[in-house]
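Here are some notes to read alongside the structure, for anyone opening it for the first time. They go from the enclosed spaces to one residue, then a helix, then the open pocket.

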Amino acid sequence: MLDGDWRECPWSGVESVLAGGLDRPLVVMAPLAPSGEALAPWLSAAERARCARYRRPADRLRCASAHALKRRVLAALLGESPGALALVCEAHGKPALASGALAFNLSHAGDWVALACDPSGAVGVDLEQPAVRRGGIAGITIGHPEDRLVPAPVSAEQGFYTAWTLKEAIAKGVGLGLGIEFAALALRPEGDGRYRCRWRGRCWQARHRCLDSGVHLALACARPWTQVDWWQLNWDAAQSAPALPR
């Protein structure tokens, strides 16, 4: 379970809570699906091929869970069937809806997957679960001289993941991901876990959350916001695999 202002919704109830569309950013998190094979009908041929390229079963399951979540939520928001969603790649490979109806971004790590959507501009999301990360953080330079994290991190690891998720969410919103040198991004706090950061003349708004499960999550948008909807999507209690909508 997630802490704070997260609202819970079963997989089968997504249409009822999202049918009204969006007027502000939305973040939806979900645990990994019980079965990767059961997700195959939700995915396109290209998505299935992408997931199959991962060598480790856990990585294949994370990939399939993330793309199924994407199609589940976007289809509910747009009133379409999951298979009818037309997706394209932007200039640097960032996925987008062909219709441009809203912007979205995906992230997955450890036991969780996350989707962020915004109807009014570019969006990025990053999710990190330090407990399952292979390799440490030693030798990774991401700090900018003007970075300010508030409140001050209680450890070097917390400071690293706070800054990393914020900067990766911003970089994914820009569309360049790890193509941006994180040490070039300066984080300025604005209170309530919010930060602003300028990149090539554009100001990004971002928020970091450290969840009770030890997960670090960051959302970045190309426009200011006053509210965000935070949803946790759960598998139905008696359901081991998601059924496609009729």
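**Notes on cavities, a loop arginine, a helix and a pocket**

1. The largest cavity comes out at about 50 Å³. Keep in mind as you look around that this is a predicted model. A search of the whole structure turns up two cavities of 30 Å³ or more, so I'll take them in turn.

2. Which residues line the largest cavity? They are C9, V14, V17, L18, V28, V73, W231 and L233. Helix α1 (14-18) and strand β12 (229-234) each supply at least two residues of this lining, and α1 has the largest share, with three residues. By class, the lining has eight nonpolar residues, with no polar and no charged ones.

3. The second largest cavity holds about 40 Å³ of space. Around it you'll find W11, A30, P31, A33, L39, S65, A68, L69, V113 and W235. Two elements give two or more residues to that lining, namely β2 (26-31) and α3 (57-78). Of these, α3 gives the most, with three residues. The class count here is nine nonpolar, one polar and no charged residues.

4. Next, have a look at R24, which sits in the loop between α1 and β2. Is R24 buried, partly exposed or exposed? Its relative accessible area is 26%, and because buried means under 20% and exposed means over 50%, R24 counts as partly exposed.

5. What does R24 touch, once its neighbours within four places in sequence are left aside? The list is C117, P119, R223, Q227 and D229. Two of these deserve a zoom: the R24 side chain makes a polar contact with the side chain of Q227 at 2.5 Å, and another with the side chain of D229 at 3.1 Å. For a sense of how the chain comes back on itself here, try R24 and D118: they are 94 residues apart in sequence, yet their C-alpha atoms are 6.3 Å apart in space.

6. Helix α4 (residues 156-174) allows a quick check on its length. How far should its 19 residues span at 1.5 Å a residue? The expected figure is 27 Å, and the end C-alpha atoms are 27 Å apart, which agrees. Right after α4 comes G175, whose phi is positive, near 110°.

7. How many residues of α4 are buried? The count is 15 of the 19, so the helix is largely enclosed by the rest of the structure. If you colour the model by accessibility, "buried" here means under 20% relative accessible area.

8. Finally, the largest pocket, with about 1200 Å³ of space. It is lined by 44 residues, and the closest to its centre are R50, Y54, L106, S107 and H108. The elements giving two or more residues to the lining are α2 (45-52), α3, β3 (87-89), β5 (103-109), β7 (123-128) and α4. Helix α3 has the largest share, at eight residues.

9. What is the make-up of the largest pocket's lining by class? There are 18 nonpolar, 11 polar and 15 charged residues. Set that beside the largest cavity, where the lining has no polar and no charged residues. It's also worth following α3 through the model: α3 gives three residues to the lining of the second largest cavity and eight to that of the largest pocket.

Conventions
Residues numbered from 1 in each chain as written. Predicted model: local features only at pLDDT ≥ 70, side-chain atom pairs only at ≥ 80, totals over all residues. Heavy atoms only, no water. 1 Å grid on protein atoms, 1.4 Å probe; cavity = no way out; pocket = protein on both sides within 12 Å on 5 of 7 lines; lining within 4 Å. Points joined across faces, edges and corners; volume = space filled by probe spheres on them. Helix = DSSP H or I, 4+ residues; strand = E, 2+ residues; numbered from the N terminus. Nonpolar A, V, L, I, M, F, W, Y, C, P; charged D, E, K, R; others polar. Buried < 20%, exposed > 50% of the residue type's maximum accessible area, 1.4 Å probe, protein only. Contact = heavy atoms within 4.5 Å. Polar contact = N/O pair within 3.5 Å; in protein donor to acceptor, adjacent residues only side chain to side chain. Expected span 1.5 Å × (residues − 1).
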